[in-house]
2 protein chains.
Amino acid sequence: MRIVIVEDNIAVAKGIAYRLQDEGHAVDLIHDGAEADVFLRDDGADLVILDIKLPGMAGLDVLAGMRQRGDRRPVLVLTAHAELSDTVAGLDAGADDYLAKPFEFEELSARIRALSRRGPVADRNLLQIGGLTFDPGARAVTGPGGDLSIPRREVALFETLLNAQGRYVSKQALLDSLYGTGSDVEEAVVEVYVSRLRKRLRGFNVEILVRRGIGYSMAEAAT
Amino acid sequence: MRIVIVEDNIAVAKGIAYRLQDEGHAVDLIHDGAEADVFLRDDGADLVILDIKLPGMAGLDVLAGMRQRGDRRPVLVLTAHAELSDTVAGLDAGADDYLAKPFEFEELSARIRALSRRGPVADRNLLQIGGLTFDPGARAVTGPGGDLSIPRREVALFETLLNAQGRYVSKQALLDSLYGTGSDVEEAVVEVYVSRLRKRLRGFNVEILVRRGIGYSMAEAAT
DNA sequence: GACAATCTTTCATGAACCTTTCATCAGCGA
DNA sequence: TCGCTGATGAAAGGTTCATGAAAGATTGTC
C-alpha cells in the first residue's frame with residue numbers, strides 16, 4: 001500500500017516510515033502542510049497519516065481540503081497528547097481515526113490495517129484472482145497448495161496490479177508504488193520484478209500482461 | 001490526448017513536450033500569450049499546460065478568457081516557486097491544478113493523468129462504439145472478449161475518430177492529432193495506421209469509412 | 001482509360017521488454 | 001564468529017514488436 005506521512009518532525013516521520021517500509025508499504029514523506037495539499041490532489045497514496053500541527057498550512061485545513069474535493073481516502077490524524085480538542089476537531093473535519101503522540105508503533109500499524117480494511121481501498125475488496133487469495137493485512141498470497149512465500153517487493157507488485165483490477169499500470173506508477181515517489185531506482189527494475197513474479201505465478205491461473213509503452217496488468221489466464 | 005503547452009521558456013517547453021509525446025500524447029507548443037488565446041478558441045487540444053508569466057498576454061488572462069467563453073477544458077497552471085499568491089489567483093481564475101517550478105516530470109505526468117480522469121475529458125468517460133468500449137484514462141479498448149492490446153498510435157487514431165462522433169476527419173487533422181501540429185511525418189502514414197487499425201477491428205461491429213479528398217470517419221458497421 | 005487517392009504488405013530499425021547472471025547485503029542458525 | 005540462504009538491484013545480452021518509409025496493387029473519379 002502507498003502511504004504518505006505528513007509530519008514536520010523529521011525524526012518521527014522517518015522512524016514511522018522505516019517501519020512501514022519494513023512491512024512492505026511504499027512510503028512518501030512530506031514535512032509541510034502546503035506541500036501536502038498539493039501532493040494530495042494527485043492519486044499518489046492510498047492512505048494518509050497526518051500531523052495536526054504543521055508549518056505552511058494547518059493539518060486540519062489539508063484534511064478539510066481533501067474532503068471538500070470529494071477525496072475519501074482514509075486519513076489517520078496524529079495529535080499531541082494534550083490536545084484532545086484537536087482530535088475532536090479532526091474527526092469533525094473528516095478524519096477516519098486518530099492517534100495521540102507518543103504512541104507505540106504497533107498501535108499505529110494496527111490502526112492502519114483496520115483503516116485499509118474499511119476505507120475506499122478495501123471497498124474494492126477484489127482480493128482474489130485465478131486460484132489465488134491475497135490477504136492485505138498479512139501481505140500474504142495463498143494458493144490451493146497453501147501459502148506462497150513471496151518476497152516483499154514482489155508482493156507489493158502483486159498487490160498493486162491486483163488493486164488495478166485489470167487496468168494497465170504504467171511502469172512509473174509501479175515504481176512509485178514499490179519505492180514511493182521520487183526514488184532513484186531504475187525503471188528497468190520493474191521488469192525484473194515482473195519477470196520474477198511471473199516465474200513464481202507459473203502453474204497458477206494468473207498472468208501478467210504487458211502493453212508496450214503503456215504498462216502492465218494482471219488477469220486470469222485465458223484458459 | 002492532445003495537449004498544448006503555453007510556456008515562453010522554449011527549453012522547458014520542449015523538454016516537457018518530448019516526454020509527453022513519449023507517453024503517447026500529441027503536443028503543441030505555444031510561446032506567447034496572445035497566440036495562445038487565439039489557439040484556444042479552436043478545439044485544438046484536450047488539456048492546457050499554462051505558464052503564468054508570458055509575453056504578449058498574461059497567463060491568467062488567457063485562462064480567464066477561456067472560462068469566460070465557457071471553455072471548461074482542464075488547465076494546469078505552472079508558477080515559479082516563490083509566487084504562491086499567483087497560484088491562489090490561478091485557482092480562483094479557474095485553473096484545475098497548479099504546479100510550482102521547478103518540478104519533476106513524473107509529477108507533471110501524474111497530474112495530467114489525474115486531470116484527464118476528472119475534468120470534462122473524463123465526463124465523457126467510457127466511450128462506446130459497436131461492441132467496443134474505450135477508456136480514455138487507461139487508453140485501452142475493451143471488446144466482448146476482453147482487452148484489445150492496441151499500440152499507442154493506433155489507439156490515438158481510434159480515440160480521435162471516436163471523439164469525432166461519426167464526422168469525417170481530414171488526414172492532416174489526424175496527423176496533427178497523432179503527432180502534434182507541424183510534425184515532419186508523411187500524410188501517407190495515416191493510411192498505414194488506418195489499415196492496421198482496420199485489421200485489428202476486423203470481427204467487431206466497427207468500421208472506418210473513407211471519403212476521398214475529405215478524410216476518415218468511424219461508424220458502427222451497417223449490419 | 002487515365003490519373004490520383006487510397007490500401008496493403010514488406011522491410012529495416014530501434015525501442016521496449018524479458019531473462020539470467022552477478023555482487024552485495026541482511027538475516028539466521030550453528 | 002562463521003557460513004549459509006535468500007532478497008535485492010544493477011547489468012548485460014537476447015528477443016519481440018511498434019514504427020515509419022517505401023513500393024506495388026487496387027479503387028474511385030473524371
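In the predicted model, B:Gly143 is in contact with B:Gly131, B:Leu132, B:Leu148 and B:Phe204, once its neighbours within four places in sequence are left aside. The residue belongs to strand β8 of chain B, which covers residues 140-143. B:Gly143 counts as partly exposed because 16 C-beta neighbours lie inside 10 Å, a value between the limit of 12 or fewer for exposed residues and that of 20 or more for buried ones. With respect to B:Gly130, from which B:Gly143 is separated by 13 residues in sequence, the C-alpha to C-alpha separation in space is 9.2 Å.

The contact between the two protein chains draws 13 residues from chain A and 13 residues from chain B. On the side of chain A that touches chain B, these comprise six charged, five polar and two nonpolar residues.

Turning to the nucleic acid, DNA strand C is surrounded by 20 residues, the closest of which are A:Ser195, A:Val210 and A:Arg212 from chain A, together with B:Ser195 and B:Val210 from chain B. Two or more residues of the surface near DNA strand C are given by α9 of chain A and by α9 of chain B, each of which spans residues 188-201. Of the contributing elements, α9(B) gives the most to this surface, with six residues. When the surface near DNA strand C is divided by class, ten charged residues are found alongside six nonpolar and four polar ones.

Notes: Residues numbered from 1 in each chain as written. Chains lettered and ligands numbered in written order. Predicted model: local features only at pLDDT ≥ 70, side-chain atom pairs only at ≥ 80, totals over all residues. Near = placed C-beta within 6 Å. Helix = DSSP H or I, 4+ residues; strand = E, 2+ residues; numbered from the N terminus. Nonpolar A, V, L, I, M, F, W, Y, C, P; charged D, E, K, R; others polar. Contact = placed C-beta atoms within 7 Å.
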